[in-house]
Amino acid sequence: MESPEIGIRSFRDAPPAHYILKIESFSLFLSNIESYESATFESGGYKWKLCLYPNGNKKRKVEGYVSLYLAIAETKALPLGWEVDAYCKFFVFDHIRNDYLTIQFQDAAEGTMCFHQLKTEWGFDKLLSLDQLDESNGYLFDDCCAFGAEVFVTNFTGKVQHWLPASQTCTSKIDEC
């Protein structure tokens, strides 16, 4: 699981288009849950889930941060050799501004991540420090917080035209992808 730590951060009013995970008692969640997988949700014809580590992903030696990843779900139903390119964006609700902090990938071309059999999960080891996740910053209010995701699948489904010289005459054909 690769985790690019440099992300583009901005704010927006609109909630995530695909999924929001609301945690009603974050202090209890933090003290009792090492990792949490959300319910699955659908986007772009695929099933996804959020994987949240409220005190960091200890398998990757991270503590003191919220680690958040997007995972493609139900991969056994996908055909052999599957590959899914998706534009991913993560969200944290800001109760003070009444908007969302958005975090997207900067490392990959245009924020698109390639999910495949050997790489089913992308995300951030250090999405937000636990020091930042407090009431004074707005991400925690009355012990509640919310994380979200948008996933736009960008797999090519168009047509490809090939120009092939055939002896003296030139031909052209269009392939369906």
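**Close-up views of a predicted model**

Cysteine 144 has a relative accessible area of 18%, so this residue counts as buried.

**View 1. The two cysteines, 144 and 145, of the predicted model.** The sulfur of cysteine 145 is the nearest cysteine sulfur to that of cysteine 144, at 7.6 Å. Because a disulfide requires sulfur atoms within 2.5 Å, cysteine 144 is in no disulfide, and neither is cysteine 145. The disulfide count for the protein is zero. Cysteine 145 is buried as well, with 3% relative accessibility.

**View 2. The salt bridge between glutamate 150 and arginine 12.** The closest N and O atoms of the two residues are 2.3 Å apart. Glutamate 150 belongs to strand E11 (residues 145-153) and arginine 12 to strand E1 (residues 7-12), so the pair links distant parts of the chain, 138 residues apart. Glutamate 150 is buried at a relative accessible area of 7%, whereas arginine 12 is partly exposed at 23%.

**View 3. The surroundings of lysine 89 in strand E7 (residues 83-94).** Lysine 89 is buried, its relative accessible area being 13%. Beyond its neighbours within four places in sequence, its contacts include Arg12 and Glu150, the two partners of the salt bridge in View 2. Thr102, Ile103, Gln104, Gly148 and Ala149 are also in contact with lysine 89. With glutamine 104 there is a side-chain to side-chain polar contact of 3.3 Å. Leucine 70 lies 19 residues from lysine 89 along the chain, and the C-alpha atoms of the two are separated by 9.3 Å.

**View 4. The salt bridge between lysine 49 and glutamate 37.** The N to O distance is 2.8 Å. Lysine 49 sits in strand E5 (residues 46-53) and glutamate 37 in strand E3 (residues 36-37), so this salt bridge ties together parts twelve residues apart in sequence. Lysine 49 is buried, at 19%, while glutamate 37 is partly exposed, at 49% relative accessibility.

**View 5. The salt bridge between aspartate 94 and arginine 97.** Here the closest N and O atoms are 2.6 Å apart. Aspartate 94 has a relative accessible area of 0% and is buried; arginine 97, at 49% relative accessibility, is partly exposed. The protein has five salt bridges, by count.

**View 6. The whole protein, for orientation.** The protein holds one helix and 13 strands, in the order β-β-α-β-β-β-β-β-β-β-β-β-β-β from the N terminus. Of its 177 residues, 41% are buried. Among contacts between residues at least 6 apart in sequence, 65% join residues at least 24 apart. The accessible surface is about 9,900 Å², and 50% of that belongs to carbon and sulfur atoms.

How values were computed. Residues are numbered from 1 along each chain as its sequence is written. This is a predicted model: local features need pLDDT of at least 70, side-chain atom pairs count only at pLDDT 80 or more; totals for chains, interfaces and linings use all residues. Side-chain values use heavy atoms; hydrogens and water are left out. Helices (H or I, at least four residues) and strands (E, at least two) are DSSP runs, numbered from the N terminus. Buried means under 20% relative accessible area, exposed over 50%, partly exposed in between (1.4 Å probe, protein chains only). Contact means heavy atoms within 4.5 Å. A polar contact is a pair of N or O atoms within 3.5 Å; within protein, one must be able to donate a hydrogen and the other to accept it, and residues adjacent in sequence count only if both atoms are side-chain atoms. Accessible areas come from the Shrake-Rupley method with a 1.4 Å probe; for residues, only the protein chains shown count as cover. A salt bridge is a side-chain nitrogen of Lys or Arg within 4 Å of a carboxyl oxygen of Asp or Glu.
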